[in-house]
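Q: Please take a close look at one part of this protein, its sheet and the helices that lie on it. Keep the explanation plain.

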Amino acid sequence: MTYVDLSAQSAAAGGSPALGGYLATPSGSGPFPSVLMVHEAFGLNDQIRVHADRLARAGYLTLAVDLFSDGGARRCLVSTMRSMMTGTGRVFTDLATARAWLADSPLSTGKTGVIGFCMGGGFALLVARDGFDAASVNYGRLPRDPEGALRGACPIVANFGGKDRTLKGAAEKLETVLDNLGIENSVKEFPTAGHSFLNKTEEGPAVLRPLMRVMGVGPDPQSAPEAWQRIEDHFARHLKEPDPATAEGN
């Protein structure tokens with residue numbers, strides 16, 4: 001597990017001059033299918049690194065890109081959220097730079113997925129048609145024009161929480177849009193879960209956590225295992241090469 005400096009590639013492309021990320025590498029010699037991970041609004045913190053490590057253990061070269069590389073959440077959050085709402089901005093150059101780095105890595109098979117949580121889930125939707133082979137969207141906000149933004153997207157698995165007051169109706173709407181566009185998808189809303197339910201610990205300032213609980217934000221150990229299994233099954237189907245023995249048997 002190591003920090004990756006993407007500043008040279010990003011600066012050359014017109015992205016963030018200090019772009020970097022956390023790389024989690026599976027055991028073994030590779031090459032491996034790869035996954036670009038996009039963090040929540042709290043940034044590239046320990047919780048996101050735990051998620052990246054989990055996917056590495058499942059066999060994926062995982063790069064958790066730091067969208068706040070140029071100044072931290074306090075300086076970058078507003079502009080990053082604005083980019084998510086408008087679908088424009090330097091953040092998309094950063095995501096494309098990170099995707100290209102992963103796909104070109106000698107440790108990568110070239111098959112690349114994207115996964116996002118909260119704010120990152122919104123970005124995962126917005127880039128699902130930008131050269132990825134599979135996408136995982138977890139309690140991500142839908143684009144303003146979902147039909148336009150998702151036309152031509154890769155296969156998508158999405159997990160939402162039924163108690164998430166910030167995204168009421170999002171799961172049903174996303175599934176309808178993807179079905180109408182003919183995009184392979186599996187969208188599920190977990191009744192007992194809220195926002196950020198895949199996290200192992202509560203996030204954010206301690207003083208705000210009681211309010212976040214009221215808003216339906218926080219871990220849900222009951223729903224998380226199934227949601228993670230859905231993610232791993234989806235990535236295995238679209239990113240991992242089929243076992244030749246299994247293929248011959250079929």
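Which strands does helix α9 lie across, and at about what angle does it run to β5?

A: This is a predicted model. In it, helix α9, residues 224–239, lies across β3, β5, β6, β7 and β8. Its direction is at about 150° to that of β5. Of these strands, β6 covers residues 134–138 and β7 covers residues 156–161.

The strands belong to an open sheet of eight, in the order β1-β2-β4-β3-β5-β6-β7-β8, and their pairing is mixed. At the edges are β1 (2–5) and β8 (185–190), each of which pairs on one side only. On average, neighbouring strands of the sheet are turned by 20° against each other, ignoring direction.

One pair within the sheet is β2, residues 20–24, with β4, residues 61–66. These two strands run antiparallel and are joined by five bridges. Within this pair, tyrosine 22 stands opposite alanine 64 of β4. Helix α2 (residues 46–57) also packs on the sheet, where it touches β2, β3 (32–38), β4 and β5 (108–117). The direction of α2 makes about 40° with that of β2.

Two other helices can be described briefly. Helix α3 spans residues 72–86 and contains serine 83. Serine 83 counts as buried because its relative accessibility is 10%, and the cut-off for buried is under 20%. Leaving aside residues up to four places away in sequence, serine 83 touches Thr88, Gly89, Val91, Phe92 and Phe123. Val91 and Phe92 are among the buried residues of α4. Helix α4 has 15 residues, 90–104, and reaches 21 Å from first C-alpha to last, close to the 21 Å expected.

Conventions. Residues numbered from 1 in each chain as written. Predicted model: local features only at pLDDT ≥ 70, side-chain atom pairs only at ≥ 80, totals over all residues. Heavy atoms only, no water. Helix = DSSP H or I, 4+ residues; strand = E, 2+ residues; numbered from the N terminus. Expected span 1.5 Å × (residues − 1). Buried < 20%, exposed > 50% of the residue type's maximum accessible area, 1.4 Å probe, protein only. Contact = heavy atoms within 4.5 Å. Pairing = 2+ DSSP bridges. Axes fitted to C-alpha atoms, helices over the stretch in contact; angles between N-to-C directions.
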